[in-house]
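Here is a short report on one fold. It covers how the helices and the sheet are arranged.

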Amino acid sequence: MKSAVKPMAMAATLLAAAFCSSALAQNISPVQQEKNRQLVINFYNDFFNRHEVDKAARVVAEDYRQHNPQVPDGKTPFVEGFRDYFRQNPGARARIVRSAVDGDTVWLHVHSTEHDGDRGEAVVDIFRVRDGKIVEHWDVIQAVADKAQNANTMF
């Protein structure tokens, strides 16, 4: 187990360092950073909780870049894929537990479920915002375990 933790921790550290150094180089004001955070939170709630796909998608760039290997690049495939998903899973919700922003990058820590009683998944969604549009996305997803080796929650 220790061998799996070290590479993941190293990758997370390198990813965070890359984002932090790029934010410093961007010189984005705290006011603009907060606008970016609010844009992503509003998008997320409209899209994943209210399922107002068309309204939410107004802030997604046409050339949206996706790093989740199960979702294609581009606004249209992203929107249409989730439109179908929400038709099949009308109870799907994604509760934002915490958020952070650094420059043009916004992080959300989310508890995502498909229906009542679903243990769900712990998700870290990472968005890059440019000119008032979401232009890029990464995510890390982990199932919420039935049993844990500690008394802590994932949230």
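Three phenylalanines of α2, Phe-43, Phe-47 and Phe-48, meet Phe-78, Val-79, Phe-82 and Phe-86 of α4. By class, this contact of α2 with α4 holds 7 nonpolar residues, no polar ones and no charged ones. The model is predicted.

How do the two helices lie? α2 and α4 (residues 75–88) pack at an angle of about 45°, and their axes are 10 Å apart. Angles from 35 to 65 degrees are neither roughly parallel nor roughly perpendicular, so α2 is oblique to α4.

Now the sheet. It is open, has 5 strands and shows mixed pairing. The strand order is β1-β5-β4-β3-β2. β1 and β2 are the edge strands, and each pairs on one side only. On average, neighbouring strands of this sheet are turned by 25° against each other, direction ignored.

Helix α2 (residues 30–49) packs on this sheet. The helix touches β1, β2, β3, β4 and β5. Its direction makes about 165° with that of β2.

The strands have these residue ranges:

| Strand | Residues |
|---|---|
| β1 | 60–66 |
| β2 | 93–102 |
| β3 | 105–113 |
| β4 | 121–130 |
| β5 | 133–143 |

In which sense do β1 and β5 pair? They pair in the parallel sense, over 3 bridges. Arg-65 stands opposite Glu-136 in β5. In general, strands of a sheet pair through backbone hydrogen bonds, either parallel or antiparallel.

Notes
Residues numbered from 1 in each chain as written. Predicted model: local features only at pLDDT ≥ 70, side-chain atom pairs only at ≥ 80, totals over all residues. Heavy atoms only, no water. Pairing = 2+ DSSP bridges. Helix = DSSP H or I, 4+ residues; strand = E, 2+ residues; numbered from the N terminus. Axes fitted to C-alpha atoms, helices over the stretch in contact; angles between N-to-C directions. Contact = heavy atoms within 4.5 Å. Parallel < 35°, antiparallel > 145°, perpendicular 65-115°, else oblique. Nonpolar A, V, L, I, M, F, W, Y, C, P; charged D, E, K, R; others polar.
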